[in-house]
Amino acid sequence: MTAGTTELSTGALYYPDVAATRFYVGALAKLSVLQYFVAEAAVIGAWAGAEPYSRRTGYISDLGALACGEFDGRDVCSPAHLLMNASFVVQGLGMVVGALLLGSALMCCAARPGVPIRQGRARWGAGVVAAAAARLLTGTAGAGTIIVGLVPEDTGSGWHVAGALMYFAAGALALMVLGLLWLRQTPLGWFVLACGAVSLAALIAGGLTGMHVPEPGTLERLMGYPITLGIAAAGLVVAQRIQHERAVRKLARAQAR
């Protein structure tokens with residue numbers, strides 16, 4: 001994805017350094033969502049329920065439950081719930097920060113090395129509108145998982161379920177929009193699109209069955225894991241594009257001396 005012209009494209013010379021740094025931070029923020037998998041593994045290792053925790057049958061939110069005991073017919077006891085809830089919040093913040101810092105024009109062409117990222121490009125082209133929609137949906141999904149972390153499942157608040165639905169639905173749609181936008185720009189466009197499709201299909205299946213399936217943990221993870229992986233992949237694409245532009249500018253300056 002870093003292949004492309006080594007000549008400085010028109011307009012790239014005027015790409016502000018401060019903006020490049022801002023976009024790079026936004027890309028890294030999206031990549032930061034991968035910390036979730038480390039946190040989840042650690043919290044599962046600390047599980048103290050009567051039965052060992054299983055990713056196949058255990059709900060993700062059980063790992064963030066505050067109290068030990070029966071919840072919704074399940075025996076729940078997660079001594080490391082603070083770590084799990086903190087991970088939810090950090091994941092959500094990474095998505096929100098990424099959505100805020102990554103401009104729509106950048107997202108529109110981020111996967112195409114050699115294409116200049118210009119300030120003042122057409123604001124209402126189909127690509128830019130799609131990128132803006134992906135950013136809005138990503139921010140909504142991030143806000144949802146922040147709510148999940150701040151309002152654990154056993155607090156008695158409906159906000160937890162609302163936050164989870166925001167994350168699953170908006171996150172899946174964001175990846176599908178972004179995947180379609182990048183489909184002809186990078187092989188990772190297919191991966192991002194597939195992540196969104198799997199997550200959305202699992203969400204629909206969960207809604208139709210009311211999660212009354214033999215392995216609810218597996219189904220819920222099919223909703224959530226692809227979003228985390230897809231968002232991280234999007235962050236990687238953007239980070240590589242920015243690194244490419246920086247390398248092109250550095251080479252051009254060196255040749256001009």
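Reader: Which side chain meets that of Glu153 in a salt bridge?

Author: In this predicted model, local features need pLDDT of at least 70 and side-chain atom pairs count only at pLDDT 80 or more, while totals for chains, interfaces and linings use all residues. Residues are numbered from 1 along each chain as its sequence is written, and side-chain values use heavy atoms, leaving out hydrogens and water. A salt bridge is a side-chain nitrogen of Lys or Arg within 4 Å of a carboxyl oxygen of Asp or Glu. At 3.6 Å, N to O, the partner of Glu153 is Arg74.

Reader: How many residues apart in sequence are the parts that this pair ties together?

Author: Helices (H or I, at least four residues) and strands (E, at least two) are DSSP runs, numbered from the N terminus. Glu153 lies in the loop between helix 5 (126-150) and helix 6 (159-181), whereas Arg74 is in strand 2, so the parts tied together are separated in sequence by 79 residues.

Reader: Is Arg74 buried or exposed?

Author: Buried means under 20% relative accessible area, exposed means over 50%, and partly exposed is in between (1.4 Å probe, protein chains only). Arg74 has a relative accessible area of 19%, so Arg74 counts as buried.

Reader: Which residue forms a salt bridge with Arg74 at 2.8 Å?

Author: The closest N and O atoms of this pair are 2.8 Å apart, and the partner is Asp62. The two are twelve residues apart, with Arg74 in strand 2 (residues 74-76) and the partner in the loop between helix 2 and strand 1. Buried at a relative accessible area of 3% is this partner, Asp62.

Reader: Which residues are linked in a network of salt bridges?

Author: The count of salt bridges comes to six. The network brings together four names, and you have met three of them above: Asp62, Asp72, Arg74 and Glu153.

Reader: Which residue forms a salt bridge with Glu215?

Author: The closest N and O atoms of this pair are 2.5 Å apart, and the partner is Arg56. The two are 159 residues apart: Glu215 sits in the loop between helix 7 (187-209) and helix 8 (216-256), and the loop between helix 2 (35-45) and strand 1 (69-71) holds Arg56.

Reader: Which helix gives the most to the largest nonpolar core?

Author: A nonpolar core is a set of buried Ala, Val, Leu, Ile, Met, Phe, Trp, Tyr and Cys residues joined through side-chain atoms within 4.5 Å. This one has 53 residues, and Leu178, Trp182 and Val238 touch the most other members. Helices 1 to 8 each supply at least two residues. The top giver, with twelve residues, is helix 8.

Reader: How do helix 2 and helix 8 pack, and what is the angle?

Author: Axes are lines fitted to C-alpha atoms, for helices over the stretch in contact, and angles run from 0 to 180 degrees between N-to-C directions. The axes of helix 2 and helix 8 are 9 Å apart, and the angle is about 135°.

Reader: What span should helix 3 have?

Author: The expected span is 1.5 Å times one less than the number of residues. Helix 3 (residues 81-101) has 21 residues, and its end C-alpha atoms lie 30 Å apart, which agrees with the expected 30 Å.

Reader: What pattern does the protein follow along the sequence?

Author: There are eight helices and two strands. Read along the sequence, they follow the pattern α-α-β-β-α-α-α-α-α-α.
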